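Dear colleague,

Please find below the structure that I am handing over to you. My notes on what was found in it follow directly after.

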Amino acid sequence: MLEHGLDQARLPALGLLHEAGTYVHGTTTFPSVTPVCLTSIATGAHPDVHGVPHLVWYHRAERRVVEYGSSFAAVRAAGTRRSMRDSIFAMAHEHVSRDALTVFEALEDEGLECGAINFTCYRGRTRHALKLPVPAGRNRWYEAAWGPRRFFFFNLYESDPTGAPLAIRSRPEGSIDAYAANIGRWLVTRDGFDFLVFYLPDYDYASHLVGPEGALAALERADASIGELMAAAGGPEEFLDRYAIVVCSDHGQTAVERIARLPEAFADLAVFTGRRGTDPAGADVVVTASNRSGMAYALGDQPPRELAERLDGSPGVDLVLFREDEEAVVRRSREELRFAPDNGGWRLSGDEQLLDAATYPNGFERAWSALACPNAGEVIVSAAAGWEFEDLGHRHHVGGGSHGSLLAGDSTIPIVAAGFDAGVPLPEDPSVTDLAPLALSHFGVEAPASMRARVRSSA
Ligand SMILES: [Zn+2]
């Protein structure tokens with residue numbers, strides 16, 4: 001869609017950056033859903049290190065399902081207040097591993113001024129009081145969040161009085177991005193940051209509704225928001241004199257034609273799905289599904305293979321991943337490929353074509369890291385092209401777009417970078433995990449050990 005929009009000259013701000021800089025395709029992490037991908041952008045790590053496994057997952061220690069917002073119906077089904085607490089506070093403070101340093105923490109530790117607007121993985125070094133009164137009760141909200149010094153999150157936290165209005169209800173017209181653009185303009189006008197993450201989610205929202213081929217108007221609005229940042233600096237040249245910029249998406253989207261219900265493959269077992277008012281006592285398995293991936297957690301002693309084999313021939317299922325004897329197993333119907341890390345590469349046995357690189361970019365690293373996430377299910381499912389898994393609220397995006405699988409369409413991201421003095425030091429096969437190390441290298445800051453640092457600081 002970006003290339004289509006650039007060809008038609010409908011994206012003037014991105015067109016300028018494209019002209020002035022570098023444009024490459026990169027690969028996101030897996031599952032290719034927003035909480036996982038944004039956390040990978042912020043931490044420079046895959047889920048094995050950062051700990052956020054999916055949009056919906058089973059919290060083994062708390063014996064409950066975490067639902068970050070697959071749909072309003074899914075949020076209601078899981079419990080609205082708990083879901084809001086999970087997505088606003090618990091994700092950044094409790095679910096993102098303390099061992100995974102965020103780009104904000106790493107830069108603020110070096111004395112740099114950081115900002116984040118509407119970005120879910122915001123953890124930083126400054127305490128920000130919540131703007132709303134804190135509801136009392138068992139499931140307490142946080143009274144404050146730790147974010148970067150300049151911190152704006154959907155009107156709940158605002159480190160500075162910018163006067164920007166937020167209107168959630170007019171979201172289809174792009175109101176969330178308009179709020180971000182207002183604040184971004186305010187910050188650029190004041191030269192109020194060294195490093196800023198500016199997140200524009202409205203395009204994803206529009207593309208889910210109408211499908212990836214129909215959302216160019218929403219991409220034009222995202223482009224206009226980027227244009228406002230440049231205008232606030234006095235124009236594109238002044239903007240690129242002052243800043244280096246990387247524009248990317250956190251995942252792709254593909255068209256959805258058919259819907260599957262993942263729990264049905266486990267109908268012979270007692271399945272827990274996390275609906276509010278139920279608990280996992282007596283259940284054999286937890287099944288969590290959303291968009292184009294799903295997971296199964298064994299509550300008893302069923303070997304992962306037994307759960308995985310139940311998915312053979314299930315509607316909508318492409319790849320089924322699990323671990324066995326220290327190896328990862330990729331299964332499609334009855335075909336299998338086994339692999340494990342070996343000396344900087346991969347040791348393979350079975351049908352290599354099951355994970356070929358054109359169909360599943362960076363498939364080995366992403367599948368391995370997803371399975372190694374301590375919060376992931378024993379079995380992870382990647383949907384077939386055109387299919388989606390119904391969420392906890394029975395919602396889906398048939399007729400629209402979705403993402404989440406290991407397939408290239410969901411996984412490929414555009415990266416436009418401009419304003420770097422000596423070229424953009426990205427590797428040839430850029431991964432979403434290269435972006436945080438890239439930002440650190442720009443400021444001459446060494447990447448911490450938790451980041452998959454293929455981009456190194458020259459300072
Ligand atoms: Zn989405």
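Across the interface of domain 1 and domain 2, one salt bridge is found. Please bear in mind that this is a predicted model.

**The two domains**

The chain is divided into domain 1, made up of residues 2-52, 96-254 and 408-442, and domain 2, which covers residues 258-396. Their C-alpha centres lie 29 Å apart. At the interface, 17 residues of domain 1 are in contact with 19 residues of domain 2. The area buried between domain 1 and domain 2 is about 1400 Å², and carbon and sulfur atoms give 59% of that area. Phe30, His46 and Asp48 together supply 39% of the area that domain 1 buries against domain 2, more than any other three residues.

**Salt bridges**

How many salt bridges does a search of the whole structure find? The search returns 30. I describe several of them here.

Asp268 pairs with Arg310, their closest N and O atoms being 2.6 Å apart. Asp268 lies in the loop between β12 (258-260) and β13 (271-272), and Arg310 in the loop between α12 (304-309) and β16 (317-324), so this salt bridge ties together parts that are 42 residues apart in sequence. Asp268 has a relative accessible area of 55% and is therefore exposed. Arg310, with a relative accessible area of 24%, is partly exposed.

A salt bridge also forms between Asp318 and Arg332, where the closest N and O atoms are 3.1 Å apart. Asp318 belongs to strand β16 and Arg332 to strand β17 (residues 327-332), so that distant parts of the chain, 14 residues apart, are linked. Is Asp318 buried or exposed? Asp318 counts as buried because its relative accessibility is 10%, and the cut-off for buried is under 20%. Its partner Arg332 is partly exposed, at a relative accessible area of 30%.

Strand β17 also contains Glu327, while Arg347 lies in strand β19 (residues 345-350). The side chains of Arg347 and Glu327 meet in a salt bridge at 3.7 Å, N to O. These two residues are 20 apart in sequence, so their pairing ties together separate parts of the chain. Arg347 is partly exposed, with a relative accessible area of 40%, whereas Glu327 counts as buried at 14% relative accessibility. Both residues belong to one network of salt bridges that share partners, which joins Arg305, Glu309, Asp312, Glu324, Glu327, Arg331, Glu336, Arg338 and Arg347.

The side chains of Arg292 and Asp410 likewise meet in a salt bridge, at 2.8 Å from N to O.

**Helices**

Helix α6 (residues 80-95) has 16 residues, but its end C-alpha atoms are only 18 Å apart, short of the 22 Å that a straight helix would reach at 1.5 Å a residue. Where is the kink in α6 centred? The kink, of about 60°, is centred on Phe89. Phe89 is also among the buried residues of α6, which include Ser83, Arg85, Asp86, Ser87 and Ile88 before the kink centre and Ala90, Met91, Ala92, His93 and His95 after it.

Helix α3 (residues 34-43) is mostly covered, ten of its ten residues being buried. The buried residues are Thr34, Pro35, Val36, Cys37, Leu38, Thr39, Ser40, Ile41, Ala42 and Thr43. What covers them includes α6, together with α4 (47-50), α7 (103-108), β10 and α15 (435-442). Just after α3, Gly44 takes a positive phi of about 60°.

In helix α2 (residues 12-20), the buried residues are Ala13, Leu14, Gly15 and Leu17. The elements that these residues pack against are α1 (2-7), α10 (216-232), α11 (236-242), β10 (245-248) and β23 (412-418). Strand β10 thus appears in the surroundings of α2 as well as in those of α3.

**A loop residue**

Asp356 lies in the loop between β19 and α13 (363-371). At 22% relative accessibility, Asp356 counts as partly exposed. The C-alpha atoms of Asp356 and Ala206, which are 150 residues apart along the chain, are separated by 31 Å.

With kind regards

Notes. Residues are numbered from 1 along each chain as its sequence is written. This is a predicted model: local features need pLDDT of at least 70, side-chain atom pairs count only at pLDDT 80 or more; totals for chains, interfaces and linings use all residues. Side-chain values use heavy atoms; hydrogens and water are left out. Helices (H or I, at least four residues) and strands (E, at least two) are DSSP runs, numbered from the N terminus. The expected span of a helix is 1.5 Å times one less than its number of residues. The bend at a residue is the angle between axes fitted to the seven residues ending there and the seven starting there. Buried means under 20% relative accessible area, exposed over 50%, partly exposed in between (1.4 Å probe, protein chains only). Domain bounds come from an automatic or database domain assignment. Contact means heavy atoms within 4.5 Å. Buried area is the accessible area (1.4 Å probe) that two parts lose on being put together, summed over both. A salt bridge is a side-chain nitrogen of Lys or Arg within 4 Å of a carboxyl oxygen of Asp or Glu.
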